[in-house]
Amino acid sequence: MSIVINYKKVNLLLFSLVLIIIFLALVSCQDNRLRNIEQQINNYISEQKPQIEFELRLDTISSFEWDELLIAGPYTDLKEIEEYNLNKYSNSIKSHDRFTFFGFIKDKKGIKWIELNGTKIYEDLLKGGKKGYNTYSKKDCVFQLTK
C-alpha cells in the first residue's frame with residue numbers, strides 16, 4: 001500500500017492553521033480592551049460643557065479586580081515601562097496623539113485598558129509622572145477635569 005501526499009493540500013492546511021492562530025491571538029488581545037466602558041466615558045466627557053469642572057470617577061469600576069491605574073500620554077512606548085508587566089496591553093499609544101491610554105493593573109500586571117479620546121483634557125493627570133505616564137492607586141482615581 002502506497003501513501004500519496006498532496007503537498008498543495010498540506011500547504012493550504014498549514015496556511016489556514018496559521019491564519020486561525022493569528023486571528024485568535026488578535027481576538028484575545030482585544031478582549032482586554034473595555035470598549036463599552038470606554039464608549040460610556042467618551043460620551044460622558046463629550047456631553048460636558050467647556051471650561052466647567054466635572055468629576056471622572058474610575059475608582060468605581062468593579063467588573064474585575066485592579067489596584068492601580070496607569071495613564072499614558074501620546075507617543076508613550078509602553079514597552080519601556082519596566083516596573084510593570086504590560087504584555088496584555090496594546091502599544092498603539094506610541095504612534096498616536098489623539099487619545100490617552102488608561103491601563104488597569106493588578107499586582108503589577110496590566111489586565112484591562114481603555115483609550116479615551118483627546119489628550120489635552122488629561123494633561124494634568126500626567127504631571128509629576130515620568131516618561132509620559134503616571135500611575136494612581138485605585139482609591140486615588142477620582143479626577144477633577146475641565147474640558
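Setting aside neighbours within four places in sequence, Ile 93 is in contact with Ala 72, Gly 73, Pro 74, Tyr 75, Thr 76, Leu 78, Phe 99, Thr 100 and Phe 101. The residue sits in the loop between S2 and S3. The model is predicted. The protein has 3 helices and 6 strands, and two of its nonpolar cores are described below.

**Ile 93 and its loop**
- Ile 93 is buried, because its relative accessible area is 0% and the limit for burial is under 20%.
- Tyr 75 is one of the contacts of Ile 93.
- The two residues are 18 apart along the chain, yet the C-alpha atoms of Ile 93 and Tyr 75 are separated by 5.6 Å.
- Tyr 75 also belongs to the loop between S2 and S3.
- Tyr 75 is exposed, at a relative accessible area of 51%; this counts as exposed because the cut-off is over 50%.

**Positive phi angles**
- Most residues other than glycine have a negative phi.
- Tyr 75 is not a glycine, but has a positive phi of about 65 degrees.
- Lys 108 is not a glycine either, and has a positive phi of about 70 degrees.
- Lys 108 is placed in the loop between S3 and S4.
- Lys 108 is partly exposed, with a relative accessible area of 41%.

**Overall layout**
- Starting at the N terminus, the order of elements is α-α-β-β-β-β-α-β-β.
- The protein has 147 residues, and 35% of them count as buried.
- Among contacts with a separation of 6 or more, 58% join residues 24 or more positions apart.
- The protein exposes about 9,800 Å². Carbon and sulfur atoms supply 55% of that area.

**Nonpolar cores**
- The largest nonpolar core holds 24 residues.
- Leu 58, Leu 69, Phe 102, Phe 104, Tyr 122 and Phe 143 touch the most other members of this core.
- Two or more residues of this core come from each of helix H2 (35-47) and strands S1 (53-57), S2 (68-72), S3 (99-106), S4 (109-117) and S6 (142-146).
- Another core, of 13 residues, lies apart from it. Its members include Ala 72, Leu 78, Tyr 89 and Ile 105.
- Ala 72 and Leu 78 are also among the contacts of Ile 93.
- Which residues does Tyr 122 contact, leaving aside its neighbours within four places in sequence? They are Ile 45, Leu 56, Thr 100, Phe 102, Leu 116, Asn 117 and Leu 145.

**Helix H2**
- H2 has 13 residues, which should span 18 Å at 1.5 Å a residue. The end C-alpha atoms of H2 are 18 Å apart, so the model agrees with that span.
- The buried residues of H2 are Ile 37, Glu 38, Ile 41, Asn 42 and Ile 45.
- These buried residues cover an arc of only 130 degrees around the axis, so they lie on the same side of H2.
- An α-helix has 3.6 residues a turn, so residues three or four places apart point the same way.
- The cover over the buried residues of H2 includes S1 and S4.
- What does the face of H2 turned away from its buried side carry? That face carries the exposed residues Asn 36 and Glu 47.
- Ile 45, one of the buried residues of H2, is also among the contacts of Tyr 122.

Conventions
Residues numbered from 1 in each chain as written. Predicted model: local features only at pLDDT ≥ 70, side-chain atom pairs only at ≥ 80, totals over all residues. Heavy atoms only, no water. Core = buried A, V, L, I, M, F, W, Y, C linked by side-chain atoms within 4.5 Å. Buried < 20%, exposed > 50% of the residue type's maximum accessible area, 1.4 Å probe, protein only. Helix = DSSP H or I, 4+ residues; strand = E, 2+ residues; numbered from the N terminus. Contact = heavy atoms within 4.5 Å. Areas by Shrake-Rupley, 256 points an atom, 1.4 Å probe, with all protein chains shown as cover. Expected span 1.5 Å × (residues − 1). Arc of directions from axis to C-beta.
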